[in-house]
Protein chains: 8
Amino acid sequence: MKEHGSNILVTRCSEEMAQGILETCPEAHYNQLGRTVTVVQSELKTTEDYIAIVAAGTSDLPVVEEAYETARLLGNSVKKITDVGVAGIHRLFANLDDIQNAKVIIVVAGMEGALASVVGGLVKKPIIAVPTSVGYGANLGGIAALLSMLNSCASGVSVVNIDNGFGAAYNASMINQL
Amino acid sequence: MKEHGSNILVTRCSEEMAQGILETCPEAHYNQLGRTVTVVQSELKTTEDYIAIVAAGTSDLPVVEEAYETARLLGNSVKKITDVGVAGIHRLFANLDDIQNAKVIIVVAGMEGALASVVGGLVKKPIIAVPTSVGYGANLGGIAALLSMLNSCASGVSVVNIDNGFGAAYNASMINQL
Amino acid sequence: MKEHGSNILVTRCSEEMAQGILETCPEAHYNQLGRTVTVVQSELKTTEDYIAIVAAGTSDLPVVEEAYETARLLGNSVKKITDVGVAGIHRLFANLDDIQNAKVIIVVAGMEGALASVVGGLVKKPIIAVPTSVGYGANLGGIAALLSMLNSCASGVSVVNIDNGFGAAYNASMINQL
Amino acid sequence: MKEHGSNILVTRCSEEMAQGILETCPEAHYNQLGRTVTVVQSELKTTEDYIAIVAAGTSDLPVVEEAYETARLLGNSVKKITDVGVAGIHRLFANLDDIQNAKVIIVVAGMEGALASVVGGLVKKPIIAVPTSVGYGANLGGIAALLSMLNSCASGVSVVNIDNGFGAAYNASMINQL
Amino acid sequence: MKEHGSNILVTRCSEEMAQGILETCPEAHYNQLGRTVTVVQSELKTTEDYIAIVAAGTSDLPVVEEAYETARLLGNSVKKITDVGVAGIHRLFANLDDIQNAKVIIVVAGMEGALASVVGGLVKKPIIAVPTSVGYGANLGGIAALLSMLNSCASGVSVVNIDNGFGAAYNASMINQL
Amino acid sequence: MKEHGSNILVTRCSEEMAQGILETCPEAHYNQLGRTVTVVQSELKTTEDYIAIVAAGTSDLPVVEEAYETARLLGNSVKKITDVGVAGIHRLFANLDDIQNAKVIIVVAGMEGALASVVGGLVKKPIIAVPTSVGYGANLGGIAALLSMLNSCASGVSVVNIDNGFGAAYNASMINQL
Amino acid sequence: MKEHGSNILVTRCSEEMAQGILETCPEAHYNQLGRTVTVVQSELKTTEDYIAIVAAGTSDLPVVEEAYETARLLGNSVKKITDVGVAGIHRLFANLDDIQNAKVIIVVAGMEGALASVVGGLVKKPIIAVPTSVGYGANLGGIAALLSMLNSCASGVSVVNIDNGFGAAYNASMINQL
Amino acid sequence: MKEHGSNILVTRCSEEMAQGILETCPEAHYNQLGRTVTVVQSELKTTEDYIAIVAAGTSDLPVVEEAYETARLLGNSVKKITDVGVAGIHRLFANLDDIQNAKVIIVVAGMEGALASVVGGLVKKPIIAVPTSVGYGANLGGIAALLSMLNSCASGVSVVNIDNGFGAAYNASMINQL
C-alpha cells in the first residue's frame with residue numbers, strides 16, 4: 001500500500017505490531033491509546049464542516065481515538081468533546097454549542113450508554129452511537145450499552161458494533177462530506 | 001382480610017377480577033391504569049417527607065400508578081412527576097426541585113431506561129429504578145432497560161424487577177419512613 | 001395537534017385506531033400495510049435528492065411503508081426498491097443505478113439481513129439498516145438480522161432497532177436534508 | 001485529590017497499582033482482599049445507626065470488603081456478618097439480632113443468591129442485594145444470582161450490578177444517613 | 001391403553017380434552033389444577049416410605065398437583081407441604097419433621113427458586129427441584145428459578161425442566177421404591 | 001479438619017495447591033486428572049450396591065474422576081464405564097449389564113449430551129446427568145449439553161450444574177445408601 | 001404460477017388459506033398436518049434412490065409432513081420412519097436397514113434432539129438435522145434441540161433452522177439427485 | 001493408528017503438539033494455519049468431482065485450511081476460493097464458474113456470514129456453511145454468523161458448528177463421493 005502513495009490506516013494494532021511498522025516506516029504515527037497506526041503520504045483534507053466526537057468517560061478514550069484517527073485520515077475536521085457522561089450532565093451542557101454546530105455527531109459510551117439518548121434529545125443532527133465494552137457484570141461486554149442505544153427514545157440515533165470506532169467514523173465521514 | 005379491618009391492596013388485577021371485587025365490596029377503589037384495587041378501612045397515614053415517582057413516558061403510567069397506589073396505602077406522601085423522559089430533558093429540569101426535595105425517588109422508565117442515570121447524576125438521594133417492558137424488538141421485554149439501569153454510571157441507583165411498581169414502592173416506603 | 005395546522009404522523013396504528021381517526025378526520029390517509037395514519041395540512045416539501053428504501057422480501061413491506069410514510073411527511077423524495085433480496089441478487093443489480101444515485105439509503109431486511117452487507121459493499125453512500133422480525137425459529141424475533149447488520153463486513157452501515165422504519169426514515173431525512 | 005485534603009477511595013485496584021500508590025503516599029491503606037486503597041485525611045465520621053453487610057461464603061469476601069471500605073469512608077458504622085449462607089441457615093439465625101438492628105442491610109451472595117430472599121423474609125429493613133460472580137457453569141458469571149435477586153419473593157430487596165460492592169455501600173450510606 | 005387394564009395418566013390436559021375423556025370414560029378422575037386425568041383400573045400401591053412435595057406459593061400448585069398425581073399413580077405415598085416459601089420461613093420450619101422424614105423430596109418453586117437451597121441446607125435427603133414459570137420480567141419464563149436451582153449452594157439438589165412435575169415425580173418414585 | 005481424624009476431600013484443586021497439601025500431608029492422594037486431593041484417615045466404607053459412572057468421551061474424564069473420588073470418599077462402591085458416547089453406540093450396549101445393575105447412575109457428557117437420554121431410555125434407574133463444558137462454539141461452555149439434558153425425552157433424568165462431578169456424586173451417594 | 005403449468009408448493013399454510021386455495025383450485029391437495037398445499041400439474045418424478053425422513057415423536061409430525069411434501073414435489077422417493085426417538089431406541093434399530101439404504105437422511109427431532117447424534121453414529125450417510133420447537137421451558141422454542149444438533153458428536157450432521165422441514169427437504173433433494 | 005498403515009488426521013493441534021508429533025513421525029505434515037497434522041501412509045484418492053471451499057476473508061483461513069486438509073485426506077479433489085467476501089462482491093462473481101462446477105460447496109465466513117446466502121442464491125448445489133468466530137462485540141464469538149446462516153433466505157444451505165471446518169469437510173466428502 002505504501003508504494004501507491006496513498007494514506008494508510010491500521011486499526012486494532014498491538015504495541016508489538018506498531019513497533020514493527022515503525023521500524024520499517026519511521027514516518028508512521030502510532031496512537032497508543034487508540035491502537036492505530038497512520039501513514040500520511042498525501043496531505044490530509046480538512047473539511048469546513050466538522051464531526052463532533054462526544055464521549056462519556058476516560059475509559060472510552062481508546063474508541064474515541066480510533067474514531068478520531070479514522071475521521072482525520074478520511075479528511076474531516078473533528079472536535080473531541082470527552083468526559084461529558086450523564087453522571088455529570090452540566091459538563092455536557094457546557095459543551096452544547098460545539099456539539100450542536102457539528103454536521104454529524106459520534107457518541108461513544110459504555111456502561112449504560114445513556115449519553116446517546118441525552119445528546120439525541122438535545123441536538124437535531126444525525127448521531128452515530130458507538131457502544132463500548134467498558135463495564136463489568138451485567139454489562140455483558142458492551143451488550144447493555146448496545147441494547148440501550150438501539151432502544152433510544154431519541155429518534156436520530158443509529159448504532160454500530162461495540163467498540164467500532166472505525167465504523168462510526170467511516171459513516172460520519174460519508175455524511176460530513178455529502 | 002377485609003374482616004380484620006386492615007387496608008388491602010390487590011395488584012395486577014384484571015378488569016374482570018376488579019369488577020368481581022367491586023360487586024362484593026363497593027367501597028373498594030379500582031385504579032384501571034395501574035391495575036390495582038385498594039380497600040381503605042383504617043385512615044391512611046400521610047408522611048411529612050414524600051416519595052417522588054419520576055417517569056419517562058405515558059406508556060410507563062401503569063407502573064407509575066401501581067407504585068403510587070402501593071406507596072399511598074403504606075401511608076406515604078407521594079408526588080408524581082411524569083412525561084419527563086430524556087428525549088425532552090428540559091421538562092425534567094423544570095421539575096428538578098420537586099425531585100430533589102423528595103426523601104427517596106422512584107424512577108420508572110422503559111425503552112433504554114436512561115432516565116435513571118440522568119436523575120441519579122442530578123440528585124443525591126436514594127433512587128429505586130423500575131425498568132418497564134415498554135418498547136419492542138431489541139428491548140427484549142424490558143431487559144434493555146433493566147441492564148441499562150444495573151449499569152448506571154450514577155452511583156445511587158438500585159433496581160427492582162421489570163414492571164415491579166409494587167416492589168419499588170414497598171422499598172421506597174421503608175426508606176421514607178426510617 | 002390538528003388544530004396547530006401541522007402535519008401529523010401516527011405509527012403502529014391498528015385497523016381499529018385508524019378507523020377511529022378517519023371518522024373524526026376524513027382527510028387523514030391510512031396506510032394499512034405500513035400501519036400509519038398521516039394528516040397533511042401544509043403541503044409536503046419534496047427534496048431534489050432522494051432517499052432510497054431497499055427491501056429484501058414482501059414480508060418486509062410493512063416496515064418499508066412505515067419508513068416511506070415517515071420520510072415523505074418529513075418532506076423527502078423517496079424511491080422504493082423492493083423484492084431485491086440476496087436469494088435473487090440479479091434483481092438487486094438491475095436496480096443498482098437507482099440505489100447508487102440516492103443521497104442516503106435505508107435497507108430493510110429480515111431473516112439473515114444479508115442485504116445490508118451486499119448493498120454496503122456495492123454503494124459508497126450512508127446506509128441505515130433496519131432489521132425486521134420476519135422469520136422464525138433461530139431468527140429470535142429479528143435478533144439474527146440485527147446481529148448480522150451490526151457485524152456487517154461493509155463499513156458504511158449503521159443500524160436501528162428491529163422493525164423501526166420510523167427511526168430509519170427520521171435519520172435518513174436528517175442526512176438527506178443536510 | 002490528595003492536595004484538597006479530602007478522603008480518597010480507589011476501588012478495583014490491582015496489587016501493582018496499590019504498590020505504586022503506597023510508594024508516593026505511605027499513609028494510604030491497602031485492603032488486598034477488597035482491592036481498595038483508602039487515604040483518610042480528615043477524620044472519618046461514625047454514624048450512630050449502622051449498616052449490616054451480610055454475606056454467604058468466603059468467596060464473596062472481596063465484594064464484602066469493597067462495600068465495607070466504601071461505607072466506612074463515607075462515615076458509616078458498619079457490622080460485617082459473613083459466612084451465613086443458606087446451606088447452613090442456623091448461622092444466619094444466630095446473627096439475626098445484629099441484622100435486624102441495622103438501619104439498612106447489604107446482602108452479598110454468589111451462586112444462586114438465595115440469601116437475599118431469606119434475609120428479606122426475616123427482616124423488615126431496606127435491603128441492597130449484591131450478586132457476586134462466585135460460581136461456575138450455569139452461574140454465567142453472576143447472572144444466576146442477579147436474576148435470583150431481581151425475582152426475590154421478599155418485597156424489600158433492590159439490586160445493584162454483579163460484584164458492585166461500591167454501589168451497594170454508596171446506596172446504603174445515603175439511606176443510613178437520612 | 002384402557003383395554004389393557006393398566007392405570008393411565010394424561011398430563012398437560014386442557015379442560016376441553018378432559019371433558020372428552022370423561023364422556024367416554026366416566027370413571028376417570030380430572031385434576032383441574034394439575035391438568036391431569038387419571039384412570040385407576042388396578043388398585044394403586046401405597047409405599048411405606050413417602051415422597052414429600054414441598055412448594056413455595058399458591059401459584060406453584062399446578063406443578064405440585066401434576067407431581068402428586070404422577071407419584072400416586074406410580075404407587076407412592078405422598079405428603080404435600082405447600083405455601084412454605086422463604087418469604088415466610090417460619091412456616092417451613094413448622095413443617096420440618098414431615099420433610100425430614102420423607103425418603104425423597106420434591107421442591108417446587110418459581111420466582112427466584114430459593115426454597116430448593118434452603119430445604120437442601122436443612123435436610124440430608126435427595127432433593128429433586130422443579131423450577132416453575134411463576135413470575136414475570138427478569139424471571140424469563142422460569143429461567144431465573146432454573147439457574148438458581150442449578151447453582152444451589154446446597155449439595156443434594158438435582159434439577160428437572162421448568163414446570164416438569166411429571167419428571168420430578170417419576171424420578172422421586174424410582175428413588176422412593178429402591 | 002485433619003486433626004478431627006475425618007476423611008477430607010478437596011475439589012477443583014490446582015497442581016500448585018495439591019503440591020502444597022502433599023508437602024504438609026504426605027499421605028494425601030492427589031488425583032491430577034480429577035483435580036482432587038483426598039486424605040483417608042478412617043477406613044472407607046464400601047457399599048454392596050454400586051454407583052455407575054457412565055461417560056461419553058476422554059475429554060469428560062476430569063469430571064468422571066471428580067465424581068469418582070467424591071463417591072468413593074463417601075463410602076460407595078463405584079464402577080466407571082467410560083468412552084461410551086453415542087457416536088459409537090455399540091460400546092454402550094457392550095456395557096449395558098454393568099449399567100443396569102447399578103443402583104443409581106451418573107451420566108457425564110459434553111458436546112450435545114445425548115448420552116443421558118440414550119441411557120435413560122435403556123435403563124429404569126435414577127440418573128443424575130452432569131453436562132460438561134467439553135466442546136466449542138455453539139456449545140456455549142456447556143450450556144448446549146445442559147439444555148439437552150434438561151429436555152431429555154427419557155423420564156428418569158435429573159441434572160446438576162455444568163462440570164459438577166462433586167454434586168452428582170453427593171446426590172448419587174445419598175440415593176445409593178438409602 | 002398455476003397458469004405456467006408448473007407444480008406448486010405452499011408451506012406454512014393455515015386452514016383458512018388452504019380452504020381459499022381449494023375453492024379456486026379444487027385439484028390442490030391440502031396436507032393439514034404438514035400445513036402444505038400442493039398442486040401437481042406435471043407428473044412427479046420418482047427417483048430410484050430415496051430420502052429417509054427419520055423422526056422422534058408424534059409431535060414432530062408436522063415438520064415431517066412439510067419435509068415429505070417438499071421432497072415428493074421435487075421428484076424424490078421418500079421413506080418416512082417415525083416414532084423412533086431415543087427413549088425407545090429398539091424401534092430405531094428395528095428400522096435401521098431402511099435408514100442405512102437411503103442416499104441421504106433427514107432427522108427431525110425436538111426436545112433434546114439426541115436422535116440426530118444417534119443416527120449419525122450408526123449410519124455413514126449425509127444427515128440433514130431439523131430441530132423442532134416441540135418442548136417447553138428450557139427448550140426455549142427449539143433452541144435446545146438446535147444447539148444439541150450443532151454440537152453433535154457424530155461427524156456427518158449438518159443443521160437447518162428450527163421447524164424448517166422445507167429447507168431440509170430442499171437440501172436433501174439436491175443431494176439425492178446428484 | 002500409525003501401525004495400521006491408515007492415513008491420520010489430527011485437528012486443533014497446537015504448535016507444541018505438532019512439534020512432538022513431528023519428532024516421532026518426521027513424514028507427518030503440519031499445516032500451521034489450519035492447525036492440522038496429517039500422516040499419509042496409503043496414497044490419497046483424488047475424486048473426479050471436486051469440493052469448492054469458498055471463504056470471505058483472510059481471518060477465516062484457519063477454518064478453510066482445516067476443511068481443506070480433512071477433505072484431501074478423505075480423498076477428495078478440492079478447490080479453494082478465498083477472499084471473496086460480500087464487501088467486494090465482484091471477486092465472488094469472477095470465481096463463479098469454479099463455484100458452480102463443484103459437486104458440493106463449503107462456505108466459510110465470520111462477522112455477519114452473509115456470504116452463505118449470496119452463494120446460495122447464485123448456485124444450485126448443496127452448501128455446507130461454516131460460521132467462524134471472526135469478529136468482535138455483537139459477534140458473540142461467532143453466534144452472529146451462525147444465526148445468519150441458519151436463517152439464510154437461500155434454500156440450499158445447511159450449517160455446522162462455529163469454526164467446525166472438519167465437520168463441514170466430512171459432510172462434503174460424503175456428498176462428493178455419493
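This text goes through two chain-to-chain interfaces in a predicted model, that of chain B with chain A and that of chain F with chain E.

In the first interface, 23 residues of chain B touch 23 residues of chain A. Together these two chains bury about 1,900 Å², with 71% of that area on carbon and sulfur atoms. On the side of chain B, the residues that lose the most area to chain A are B:Glu112, B:Asn151 and B:Cys153, which together make up 29% of what that side buries. The elements of chain B that give two or more residues to this side are helix H3 (89–94), helix H5 (114–122) and helix H6 (143–150). The largest share, five residues, is that of H5(B). By type, the residues of chain B that touch chain A divide into 16 nonpolar, six polar and one charged. Zero salt bridges are found between chain B and chain A, while eight residue pairs are in polar contact, both residues being at pLDDT 80 or more.

The second interface takes 23 residues from chain F and 23 residues from chain E. Chain F and chain E bury about 1,900 Å² between them, and 67% of it lies on carbon and sulfur atoms. Here too the rule finds zero salt bridges. Polar contact joins six residue pairs of chain F and chain E, both residues at pLDDT 80 or more. On the side of chain F, at least two residues each come from strand S7 (127–131), helix H6 (143–150), strand S8 (157–159) and helix H7 (165–176). H7(F) gives the most, with six residues. The residues of chain F that touch chain E comprise 13 nonpolar, seven polar and three charged.

Technical notes. Residues numbered from 1 in each chain as written. Chains lettered and ligands numbered in written order. Predicted model: local features only at pLDDT ≥ 70, side-chain atom pairs only at ≥ 80, totals over all residues. Heavy atoms only, no water. Contact = heavy atoms within 4.5 Å. Buried area = accessible area lost by both parts, 1.4 Å probe. Salt bridge = Lys/Arg side-chain N within 4 Å of Asp/Glu carboxyl O. Polar contact = N/O pair within 3.5 Å; in protein donor to acceptor, adjacent residues only side chain to side chain. Helix = DSSP H or I, 4+ residues; strand = E, 2+ residues; numbered from the N terminus. Nonpolar A, V, L, I, M, F, W, Y, C, P; charged D, E, K, R; others polar.
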